[in-house]
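Welcome, and thank you for opening the viewer. Let's take a walk through the model together, one selection at a time.

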Amino acid sequence: MATTSAPVYPANTPIPFDLFVSKKHRALPRGVLGFADSSGNIVFKVNRQDSKSSFSHAKAILLDSAGNPLISLYPHNDGSWQGFKGDDGDKNLIFKVQRVLTKFTRTELEVFLVSENQGQGELTCDFKVIGCHFQRSCTIYKGDSIVAQTSLMHKLRKICVSRSKFRLTMFPSLEDPSLVVALVL
C-alpha cells in the first residue's frame with residue numbers, strides 16, 4: 001500500500017518554480033487561500049482566524065499540505081506584523097515586518113529576521129518587499145538579489161484580468177519557501 005505525499009520543495013532548487021495562488025481551488029473550502037504547484041497539488045494553505053478580543057486583529061496561519069502549522073502571522077495596530085514558528089504566538093519569533101511606504105500604487109515593507117539580528121543593538125533589514133497590492137504584484141529582495149515575485153495570471157486575448165488568482169515565482173536561493181510564502185501574505 002503506497003502513500004502519496006505532497007511535493008516538498010527544497011530550499012535551494014536550481015531553477016525557479018511557480019506556485020499558483022487562489023481562493024478558488026477544488027481541494028479547499030471556499031475562501032481558504034491556497035498555494036498550488038503546476039500539477040494542481042496544494043503545497044501551502046492559509047487559515048485566517050478572527051480574534052476573540054475586539055482590540056486585536058485576526059491572525060493568519062500558514063499550513064503545509066497536511067494541515068500542520070508552519071508560521072503564524074500577527075498584525076499590530078501600527079501596521080507592523082510578526083511571524084512566529086508554528087501556531088504559538090508567544091514563542092519562537094521568526095521575523096518582524098514594518099511598513100516603510102504606503103501609497104495607492106506602491107507599498108514597501110522591511111523584513112527583519114530575528115535570528116540574524118540577535119545580539120545586535122539596531123535591527124538590520126534582511127528582506128525588502130516592494131509592490132502594489134491592487135495589482136497583486138510584489139518583488140521580494142534580499143540585498144540586490146530577487147528572491148521571489150508575484151504577478152497576476154494574464155490570459156491571451158483577455159483585456160480584463162481577474163485579481164483572484166496570481167502566480168508566485170520563487171528564484172533559486174537558500175531561503176525557506178514557507179518563509180517566502182509568509183512574506184507574500
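Start with the whole chain: of its 185 residues, 37% are buried. Keep in mind as you look around that this is a predicted model. Switch to a cartoon view and you will find 2 helices and 12 strands. Following the chain along its sequence, the pattern reads β-β-β-β-β-β-β-β-α-β-β-β-β-α. Consider also how the chain meets itself: among contacts between residues at least 6 apart in sequence, 28% join residues at least 24 apart.

**Stop 1: helix α2**

Select residues 177–184, which form α2. Is this helix mostly covered or mostly open? It is mostly covered, with 8 of its 8 residues buried. You can click through them in turn: P177, S178, L179, V180, V181, A182, L183 and V184.

Pause on V180, a member of helix α2. Its relative accessibility is 3%, so V180 counts as buried. Now show what surrounds V180: leaving aside neighbours within four places in sequence, it is in contact with I140, V147, A148, M170 and E175. Draw a distance from V180 to A148 and you should read 7.3 Å, C-alpha to C-alpha, for two residues that are 32 apart in sequence.

**Stop 2: the nonpolar core**

Next, select L19, F35, F95, I140 and L168. These are the residues with the most contacts inside the largest nonpolar core, which has 33 residues. Which element gives this core its largest share? That is α2, the helix you have just visited, with 6 residues.

Zoom in on L168 and display the residues around it. Not counting neighbours within four places in sequence, L168 is in contact with F17, D18, L19, V21, F35, A148, Q149, T150, V181 and V184.

**Stop 3: Q149 on strand β11**

One of those partners, Q149, is a good next selection. Q149 sits in strand β11, residues 145–152. With 30% relative accessibility, Q149 counts as partly exposed. Besides L168, the residues that Q149 touches include C138, T139, R167, T169 and F171, once those up to four places away in sequence are set aside. Try a distance to C138: the C-alpha atoms of Q149 and C138 are 5.6 Å apart, while 11 residues separate the two in sequence.

**Stop 4: the largest pocket**

Turn on a surface and look for the largest pocket, whose volume is about 860 Å³. To find the middle of this pocket, select R48, H133, L183, V184 and L185, which lie nearest its centre among the 30 lining residues. Colour the lining by class and you will count 18 nonpolar, 7 polar and 5 charged residues.

Which elements supply at least two residues each to this lining? They are β1 (17–22), β2 (33–36), β7 (93–102), β8 (107–113), β9 (127–132), β10 (137–142) and α2 (177–184). The biggest contribution comes from β9, with 4 residues.

**Stop 5: the loop after β2**

Move to the loop between β2 and β3, where you can select D37 and S39. Are these two buried or exposed? D37 is buried, with a relative accessible area of 6%, whereas S39 counts as exposed at 57% relative accessibility.

Each has a distance worth drawing. From D37, go to R167: the two are 130 residues apart in sequence, yet 9.9 Å apart in space, C-alpha to C-alpha. From S39, go to L19: these C-alpha atoms are separated by 9.8 Å, and the residues are 20 apart along the chain.

**Stop 6: an aromatic pair**

For the last stop, select Y74 and F84. The structure holds 1 aromatic pair, and this is it: Y74 and F84 meet edge-to-face, with 5.6 Å from centre to centre and 80° between the planes. Y74 belongs to strand β5 (residues 69–75) and F84 to strand β6 (residues 81–85), so the pair ties together parts that are 10 residues apart in sequence. How do the two residues compare in exposure? Y74 is partly exposed, with a relative accessible area of 21%, while F84 is buried at 8%.

Note on methods. Residues numbered from 1 in each chain as written. Predicted model: local features only at pLDDT ≥ 70, side-chain atom pairs only at ≥ 80, totals over all residues. Heavy atoms only, no water. 1 Å grid on protein atoms, 1.4 Å probe; cavity = no way out; pocket = protein on both sides within 12 Å on 5 of 7 lines; lining within 4 Å. Points joined across faces, edges and corners; volume = space filled by probe spheres on them. Nonpolar A, V, L, I, M, F, W, Y, C, P; charged D, E, K, R; others polar. Core = buried A, V, L, I, M, F, W, Y, C linked by side-chain atoms within 4.5 Å. Buried < 20%, exposed > 50% of the residue type's maximum accessible area, 1.4 Å probe, protein only. Contact = heavy atoms within 4.5 Å. Phe/Tyr/Trp six-rings, centres within 6.5 Å; stacked < 30°, edge-to-face > 60°.
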